[in-house]
Amino acid sequence: MMATNQLLCTVKLVPSNNHFIRLPNTYLASLSVNISGIPVVQILLAENTSKSYFCSVGGSLKLTTDQVVEVGPSVGLKNNASVLVQKPEESEVGLAVKVVVSPASFEDWQILELNQRRVERSVLDQVRIVQPGQKLRINIHRIPLVLIVKDVKPERAAVVLQQMTEFVIDVPDEFVNDNSFDISEPIQEYEKKHAETKKDHDDSKHQ
């Protein structure tokens, strides 16, 4: 008998450029753990439960009780794949203090060089939880970019990005001599500016 905090689901691929998933509203509370306001689930391949994905839930499917999980192509799951969605242990997931990523190829490094100040914005818009070894498939102004998560602090199976997260790009030696740098504009500054922009927009609507 399957545990109440575990559900066998079918993957439904939907058009999306982010790493968020959607679950039927009926199962959301029992399958997710709330980490600093971010609902997190763990997804295991039914045919290979050693492969694990930690994902943040970006919404619920209110009009269905079908056992489906909606994901975008960036997550890396195949359409119609059978997966186990389960509630992760809180001890497995932490709040990210530091995340180190590396460009997956020289082409990705070239994109990074031209878009250093836009990387943290794109990551924050499209990803909320990362895990060591993960391939982050993001888009910067519709340009695809792949980053490899090299390390996270604290050491957990996965970490949730937060305002104070330090985001570091570790560039392989063969790409450049000076092989690492901090993103110059921290995530918290982006969130502050994003909030101010939204406030200005809301104020203009009421004028």
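## Starting from a buried leucine

Let's begin at Leu23, which is buried, with a relative accessible area of 0%. Keep in mind as you look around that this is a predicted model. Leu23 sits in strand E2, which covers residues 21-24. What does Leu23 touch once you set aside residues up to four places away in sequence? The list runs to Leu28, Leu31, Val41, Val57, Gly59, Ser60, Leu61, Val68, Val69 and Val85. Now look for Lys62: it comes 39 residues away from Leu23 along the chain, and the two C-alpha atoms are separated by 8.6 Å.

Next, the nonpolar cores. The largest one has 23 residues, and Val99, Val101, Val130 and Leu147 are the ones that touch the most other members. Several elements give two or more residues to this core: the strands are E9 (98-103), E11 (135-140), E12 (143-153) and E14 (166-170), and the helices are H2 (106-114) and H3 (116-126). E12 provides the largest share, with four residues. There is also a second, separate core of 21 residues, and Leu31, Ile43, Val57 and Val85 are among its members. Two of those names may ring a bell, since Leu31 and Val57 are also among the contacts of Leu23.

Back in the largest core, take a closer look at Val99. Not counting residues up to four places away in sequence, Val99 touches Val130, Val149, Asp151, Val152, Val159, Leu161, Thr165, Glu166, Phe167 and Val168. Val130 and Val159 in that list are worth following, as they lead us to a sheet. Val159 is the bridge partner of Val130 in strand E13. E13 takes in residues 158-160, and it pairs with E10 in the antiparallel sense over two bridges.

How is the rest of that sheet arranged, and in what order do its three strands come? They run E8-E13-E10, forming an open sheet with mixed pairing. Strand E8 (93-95) and strand E10 (129-130) are at the edges, and each has a single partner strand, so one side of each is left without a neighbour in the sheet.

Helix H3 also deserves a stop, and Ser122 is a handy place to make it, since this serine is found in that helix. Is Ser122 buried or exposed? Its relative accessible area is 8%, under the 20% cut-off, so Ser122 counts as buried. Leaving out its neighbours within four places in sequence, Ser122 is in contact with Ile138, Asn139 and Ile140.

Now for the aromatic rings. The structure has one aromatic pair. Phe106 and Phe175 make it up in an edge-to-face arrangement, 5.6 Å centre to centre and with 65° between the planes. Why does this pair tie together separate parts of the chain? Phe106 belongs to helix H2, while Phe175 is in the loop between E14 and strand E15 (180-182), so the pair joins parts that are 69 residues apart in sequence. The two rings' residues also get different labels for accessibility: Phe106 is partly exposed at 37%, whereas Phe175 is buried at 18%. Another ring to find is that of Tyr53, where Lys51 lies over the face, at 5.3 Å from the ring centre.

Last, the cysteines. Cys9 is buried, at 1% relative accessibility, and Cys55 is buried too, at 4%. How many disulfides does the count give? It comes to zero.

How values were computed
Residues numbered from 1 in each chain as written. Predicted model: local features only at pLDDT ≥ 70, side-chain atom pairs only at ≥ 80, totals over all residues. Heavy atoms only, no water. Core = buried A, V, L, I, M, F, W, Y, C linked by side-chain atoms within 4.5 Å. Buried < 20%, exposed > 50% of the residue type's maximum accessible area, 1.4 Å probe, protein only. Contact = heavy atoms within 4.5 Å. Phe/Tyr/Trp six-rings, centres within 6.5 Å; stacked < 30°, edge-to-face > 60°. Lys NZ or Arg CZ within 6 Å of the ring centre and 35° of its normal. Disulfide = S-S within 2.5 Å. Pairing = 2+ DSSP bridges.
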